[in-house]
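Here is a friendly walk through this protein model, with the sequence and structure shown just below. Keep the 3D view open as you read.

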Amino acid sequence: MARILVIEDDAATAQEIVTELGAHGHETVHADNGDLGLDKATREPFDLITLDRMLPGMDGLTLVERLRERRIHLPVLMISALSDVDERIAGLRAGGDDYLTKPFASNEMAMRVEVLLRRQAQQPAEEAILHVGGIEIDLIRRKVKVDGEPVRLLHMELRLLEFLARNAGDIVSRKIIFEKVWGYYFDPGANLINVHIARLRKKLDRPDRPSAIVTVKGEGYRLDAV
């Protein structure tokens with residue numbers, strides 16, 4: 001059983017989420033605005049958050065950004081009536097782990113929650129720091145250095161880099177990246193990985209050596225020690 005914070009201002013939608021998650025054996029706590037949601041998320045222990053994109057007061061994007069700034073790395077399922085690709089990308093870029101559009105099927109919502117909880121539980125705990133060439137990833141403090149110099153990464157950039165580092169030297173396909181990093185079993189938008197890879201390269205690359213992230217045409221990406 002997981003303890004889940006449901007941040008949703010629409011009473012009917014909140015009740016639907018709470019009822020479905022309760023039927024799956026989870027304990028839920030409800031907050032009906034962004035400010036209250038942030039306060040509960042920072043003061044109480046939770047295993048996951050479902051988060052409405054449009055909230056009174058603090059909106060969902062700002063809320064998840066605040067959580068990540070405070071190094072709260074709970075899985076976040078963003079739920080929104082805004083369904084176009086740019087909105088989904090904005091939600092994921094801000095720090096969301098998955099994005100579900102309204103109206104939604106309750107059982108699909110619960111399935112996405114289960115996937116996020118399972119993925120969180122499967123995170124290896126034995127390694128504290130990953131090294132790939134000059135890149136150092138501190139998995140506990142969620143910080144990255146290149147050649148000893150700190151590099152600030154956004155939440156999903158760090159998730160992507162960590163996945164590539166755990167598979168350093170191996171080619172990983174776009175499909176596998178979507179499944180393991182974003183939890184999608186389909187391509188939610190061609191630009192999503194391209195944007196994150198480009199941002200990582202800009203932050204990690206150094207002018208005196210080739211990029212550590214290699215594009216293997218038709219196959220995927222590979223992180224090399226350079």
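## The hairpins and their turns

In this predicted model, four residues lie between the strands in the hairpin of β7 and β8, and Arg142 there takes a positive phi near 55°. The strands β7 and β8 run antiparallel and are joined by four bridges. If you would like a pair to look up, Ile135 stands opposite Val146 in β8.

The hairpin of β6 and β7 has two residues between its strands, and here Gly133 takes a positive phi near 60°. Four bridges link β6 to β7 (residues 135–138), again in the antiparallel sense. Val132 has Ile135 in β7 as its bridge partner, while His131 has Glu136 in β7.

## The antiparallel sheet

These hairpins belong to an open sheet of four strands, ordered β6-β7-β8-β9 with antiparallel pairing. At its edges you will find β6 (129–132) and β9 (149–151), each of which pairs on one side only. On average, neighbouring strands of this sheet are turned by 25° against each other, direction ignored.

A helix also packs on this sheet: α6 (residues 155–166) touches β6, β7 and β8 (143–146). The direction of α6 makes about 115° with that of β7.

## Where α6 meets α8

What does α6 meet on α8? From α6 come Met156, Glu157, Leu160, Leu161 and Leu164, and they meet His196, Ile197, Arg199, Leu200, Lys203 and Leu204 in α8. By type, the residues of this contact divide into seven nonpolar, one polar and three charged.

The axes of α6 and α8 (residues 191–204) come within 10 Å and cross at roughly 85°. That crossing makes α6 roughly perpendicular to α8.

## The parallel sheet

Now turn to another open sheet, in which five strands pair in parallel in the order β2-β1-β3-β4-β5. The edge positions belong to β2 (27–31) and β5 (98–101); each has a single partner strand, so one side of each is left without a neighbour in the sheet. Neighbouring strands here are turned by 20° against each other on average, direction ignored.

Strand β1 (residues 3–7) pairs with β2 in the parallel sense over five bridges, and Arg3 stands opposite Glu27 in β2. Helix α2 (residues 34–43) packs on this sheet and touches β1, β2 and β3 (48–52). Its direction makes about 140° with that of β2.

## The second largest pocket

Which residues lie nearest the centre of the second largest pocket? They are Arg68, Glu69, Arg152, Leu153 and Leu154, out of 17 residues that line the pocket. The space in this pocket comes to about 440 Å³.

Several elements share in the lining: α3 (60–69), α4 (85–94), β8 and α6 each supply at least two residues. Helix α3 gives the most, with three residues. If you sort the lining of this pocket by type, the residues divide into six nonpolar, two polar and nine charged.

Conventions:
Residues are numbered from 1 along each chain as its sequence is written. This is a predicted model: local features need pLDDT of at least 70, side-chain atom pairs count only at pLDDT 80 or more; totals for chains, interfaces and linings use all residues. Side-chain values use heavy atoms; hydrogens and water are left out. Two strands pair if DSSP finds at least two bridges between them. Axes are lines fitted to C-alpha atoms, for helices over the stretch in contact, and angles run from 0 to 180 degrees between N-to-C directions. Contact means heavy atoms within 4.5 Å. On a 1 Å grid over the protein atoms alone, a cavity is a set of points where a 1.4 Å probe fits but cannot get out, and a pocket is an open set with protein on both sides within 12 Å along at least five of seven lines; lining residues have an atom within 4 Å of a point. Grid points are joined across faces, edges and corners, and a volume is the space filled by probe spheres set on the points. Ala, Val, Leu, Ile, Met, Phe, Trp, Tyr, Cys and Pro count as nonpolar, Asp, Glu, Lys and Arg as charged, and the others, Gly among them, as polar. Angles under 35 degrees count as roughly parallel, over 145 as roughly antiparallel, 65 to 115 as roughly perpendicular and the rest as oblique.
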